[in-house]
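Thanks for asking me to look this one over. My notes follow as numbered points, best read with the model open beside you.

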Amino acid sequence: MTPLSRRALAIAATVGVVAAGAFVAPAAVAAPAPAPTAAPFLAPYYTELDVTSDSQVTTADLEVLAGEIGETSGGASWAEVAHLDLDDDAAITASDLALLSERIIYDDGPFEIVEADTVGMQAAMNAGVLTSVQLTQQYLDRIAAYDKVVRQEGGRALNSIITTSDVALKAAQAADAIRAEKGMTSMLLGIPVALKDNYNTVDMPTTAGCGCWNENQTTTDATMVKGLRADGAVIVAKASMDEFAINLSSQWSAFQPAGTALTVSSPYDTTKSSGGSSGGTGAAIAANLAGIGFGTDTGGSIRIPSTYNQLVGVRPTVGLASRDGIVPLALSQDTGGPMARSVLDAAVALDAVVGEDAGDPVTARSAGKIPETYTAFLDADSLKGKKIGYISSMVGTNPITQRLFAEARETFEAQGATLVEVAAPDGFAAIVGEGSGSGPEFRHDLQDYIAKYLNPAVTTNSLLAISQSPNIVPGRATNPYGTRAAVTEEAYQAWAGPQGSHTLQLAKGKEIMTALLNDQGLDALVYPTANPYGTIGTNMRLSPNTGLPAVTVPMGQGTIDEGSTGGVNLEFLGRDFAEGSLLGLAYGFEQASHARTTPAAYGPLG
C-alpha cells in the first residue's frame with residue numbers, strides 16, 4: 001500500500017509537518033536525526049516502536065506505518081506489522097497512526113489550527129504540544145472573532161453558529177484527564193465537534209433553527225451525540241440551519257427578534273448562501289470553527305452545503321445511524337452524517353455514531369454490516385482496478401461542472417480506474433422525479449418528536465402552533481408551515497404508510513439502482529453533486545430516493561474567467577451499507593486531486 005497521504009501525513013524536513021495543513025509546527029519538529037556516532041538517549045517508550053533503525057520514532061516511522069493502513073490480521077504482511085496494531089483491533093488504521101505519533105519527541109512549538117485534521121490534533125495532544133482545553137478554546141475564539149463579523153467587502157457575516165457550549169471546556173478538561181491516565185482512547189478524544197441544531201443535546205437548547213423553540217432544552221442527547229461523547233468528542237457548538245430543515249437557503253430565526261431571520265453565508269463568498277439545510281455546519285467547518293461537523297440529509301441537506309463549502313459529506317444508508325433524538329423532517333429519507341474537511345475525518349466521525357438503536361427500529365438493518373473502523377478502507381490506491389459508472393444526463397450542461405467532471409475522468413484514469421458511461425435504467429426518471437417526503441410527512445413525524453422530547457416550556461407544540469408563531473422566518477406561516485400542518489393522517493398513510501406510494505417507490509428505486517450496479521459490475525456510480533452555488537435536482541434526489549449511501553468530495557472550483565469561483569463536488573453512490581468502500585474510493589480521489597482550498601478570509605487569528 002502507499003502512504004496514507006501527503007495531505008494527511010506530509011513529510012517536510014524543513015518545517016517538520018505532521019498531517020500536512022493540520023499540524024504545522026516549525027518550532028515543534030521531531031527530534032533531530034542522531035549523529036553517526038551515537039543514538040539519542042531516550043526512554044524505551046520513545047524508541048521501542050522505531051521502524052527506521054534510528055533509535056527514535058519520527059515522522060519517517062509514521063510514513064512507513066501509513067503504508068500499511070488497511071492491513072489486517074489475515075494479510076500477507078501482518079507478521080511484520082502486528083506489533084504496531086497499537087489499539088489491538090487486528091487491523092492497521094488511522095488510530096494506530098495517531099497512537100504511534102505519541103512516541104515522537106517534540107518541543108513546545110506552536111500548533112496551527114487552520115485545516116487541522118484528527119491525526120494532526122491527536123499527534124499534537126499526544127505529544128503534549130496541545131491540550132483539548134487549548135484546542136477547544138481556540139475554536140471558541142475563532143467563533144467569537146469570525147462568525148458574526150463581516151469579513152469580505154459587500155458580503156455578510158457567516159452566521160453559522162446558533163449556540164456555543166458553556167461546558168465545552170469542562171468536557172475538554174475531562175478528555176485531557178483521560179489522555180493523561182490512559183493515553184489516546186479514541187480518535188475523537190478531545191476533538192471539538194459542531195452539531196446541526198436539530199440534534200438533541202443536554203447542555204444546549206435544540207431549536208431546529210426556530211425562535212419558537214428557543215426554550216427547547218432536552219433532558220437527553222440524541223443517540224448519535226451519545227456515541228460522540230462516548231468516544232470523548234467535545235461538543236463545542238450548535239450550528240445554524242434552515243429553520244426546521246425546510247429549505248436550502250439556511251435562514252434561521254433562533255434567538256433573533258420576532259419577525260427577523262439571519263442567512264448563513266459561504267466563507268468562500270459571503271454574498272452567497274452556504275447551501276442547506278445544514279448550511280451552518282457547512283460554513284463553520286469550512287471556516288475552521290470546529291474540528292468536525294454533523295448535519296442531516298433528507299433531500300440533499302448534507303451534500304449541498306458540502307459542495308458549496310468544499311467539504312466531504314457522508315449521507316449514510318438509511319438504517320446505519322440512529323435518528324432518535326434528532327428533530328425530523330421526513331423519516332422515510334432522513335439520515336444524519338458527518339461533514340468534514342477530509343475523508344479521513346469523515347471516516348473517523350462515522351465510526352462513532354453507527355449501530356443498532358431501539359429508539360430507531362430501522363437501524364436493525366445494520367446488524368452485521370458495520371466494519372470495525374471505516375478508516376481501514378482509506379487507501380490512496382483504492383481507485384486502481386475499479387470500474388465506476390456515470391449517467392451522462394447527470395453531468396448536466398453547466399460548463400464549469402462539465403470541465404471539472406472531465407478532469408475527474410482524467411484523475412480516475414491516471415489512478416487506474418475505468419470510468420464508463422452507462423444508460424439510465426428503466427424507471428430512472430421516476431426515481432429522481434419522486435418528491436421529498438418533507439411535505440406529506442413533516443407534521444406526522446414532527447409531532448412524534450414533540451411528544452417524546454420537546455421541553456414542556458415550549459408552547460408551540462404542534463406544526464399549526466409553529467405556523468401561528470411570530471418567532472419564525474418571515475413568510476413561512478402559510479406556506480410551508482400552514483399547508484403542511486393541514487396534511488391529514490389519511491394522506492400521510494397513503495404516502496408513507498407500509499403500502500404508501502412513496503414507500504413503494506423508494507423500495508423500487510433501491511432495487512433498480514442496485515441492479516444497475518450489479519448488472520454493470522460497477523464499484524460505484526459517480527456524478528456532480530451540484531453546480532457552483534446551484535443545485536442539480538435529479539442528482540440531489542438519487543441517494544434519498546433509493547436509501548443508498550452517498551459520499552461527496554471536492555472536485556474543484558470555477559474561475560473568475562468562467563463567471564463563478566464556486567466549488568463543485570463529486571458524489572459517489574454505492575450499495576446498501578457500502579460506506580466503507582465509498583469512503584475508500586473518495587479517499588483515493590481526494591489524494592489524487594487535492595481539490596479543497598481554504599477560505600482566504602478565515603485564516604489564522606491575528
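1. Which strands does helix α10 lie across? Before the answer, please keep in mind that this is a predicted model. Helix α10, residues 343-353, lies across β10 (292-297), β11 (312-315), β12 (335-340) and β18 (550-557). Its direction is about 145 degrees to that of β12.

2. Those strands belong to an open sheet, so let us turn to that next; strands of a sheet pair through backbone hydrogen bonds, either parallel or antiparallel. Here there are 11 strands with mixed pairing, and their order is β3-β5-β4-β10-β12-β11-β18-β19-β15-β13-β14. If you want to find the edges, look for β3 (161-164) and β14 (418-421), each of which pairs on one side only. Ignoring direction, neighbouring strands of the sheet are turned against each other by 30 degrees on average.

3. One strand pair in this sheet is worth a look in detail. Strand β15 (residues 524-528) pairs with strand β19 (residues 567-573) over four bridges, and the sense is antiparallel. To place yourself on this pair, find Leu525, which stands opposite Leu573 in β19.

4. Now for the record. UniProt lists residues 135-426 under "domain: Amidase", in an unreviewed entry. In the model, that stretch of chain is 26% helix and 17% strand, and the C-alpha atoms at its ends lie 52 Å apart.

5. Next come the helix pairs, beginning with α5 (residues 132-146) and α6 (residues 168-182). Their axes come within 7 Å and cross at roughly 155 degrees. Because angles over 145 degrees count as roughly antiparallel, α5 is roughly antiparallel to α6. The crossing of these two helices is right-handed. On the α5 side, Ser132, Val133, Thr136, Gln137 and Leu140 make the contact; α6 brings Ala168, Leu169, Ala172, Gln173, Ala175 and Asp176. By class, the α5 and α6 contact residues are six nonpolar, four polar and one charged.

6. Helix α1 (residues 59-66) and helix α3 form another pair. The axes of α1 and α3 come within 10 Å, with a crossing angle of roughly 165 degrees, which means that α1 is roughly antiparallel to α3. This crossing, of α1 and α3, is right-handed. In α1 the residues to find are Asp61, Leu62, Leu65 and Ala66, which meet Asp96, Leu97, Leu100 and Ser101 in α3. Sorted by class, this contact of α1 with α3 has five nonpolar residues, one polar residue and two charged residues.

7. How do α16 and α17 run, parallel or antiparallel? Helix α16 (residues 489-496) packs with helix α17 (residues 501-519) at an angle of about 15 degrees, and their axes are 3 Å apart. Since angles under 35 degrees count as roughly parallel, α16 is roughly parallel to α17. Where they touch, Ala494, Trp495 and Ala496 of α16 meet Ser501, His502 and Thr503 of α17. That contact of α16 with α17 has three nonpolar and three polar residues, with no charged ones.

8. Two peptide bonds deserve a check on your screen. A cis bond joins Gly276 to Ser277, with omega about 5 degrees; Ser277 sits in the loop between β9 (269-273) and α8 (279-286). The bond from Asn479 to Pro480 is also cis, and there omega is near 20 degrees. Pro480 is found in helix α15, residues 477-485.

9. A last backbone detail: what is the sign of phi at Asp88? For Asp88 phi is positive, at about 55 degrees, although this residue is not a glycine. You will find Asp88 in the loop between α2 (78-81) and α3 (94-101). Helix α3 is also the partner of α1 in the right-handed crossing described above.

Notes. Residues numbered from 1 in each chain as written. Predicted model: local features only at pLDDT ≥ 70, side-chain atom pairs only at ≥ 80, totals over all residues. Heavy atoms only, no water. Axes fitted to C-alpha atoms, helices over the stretch in contact; angles between N-to-C directions. Parallel < 35°, antiparallel > 145°, perpendicular 65-115°, else oblique. Left-handed = near helix turned anticlockwise from the far one by under 90°. Contact = heavy atoms within 4.5 Å. Nonpolar A, V, L, I, M, F, W, Y, C, P; charged D, E, K, R; others polar. UniProt positions renumbered as here; feature names shortened; annotations may be inferred. Pairing = 2+ DSSP bridges.
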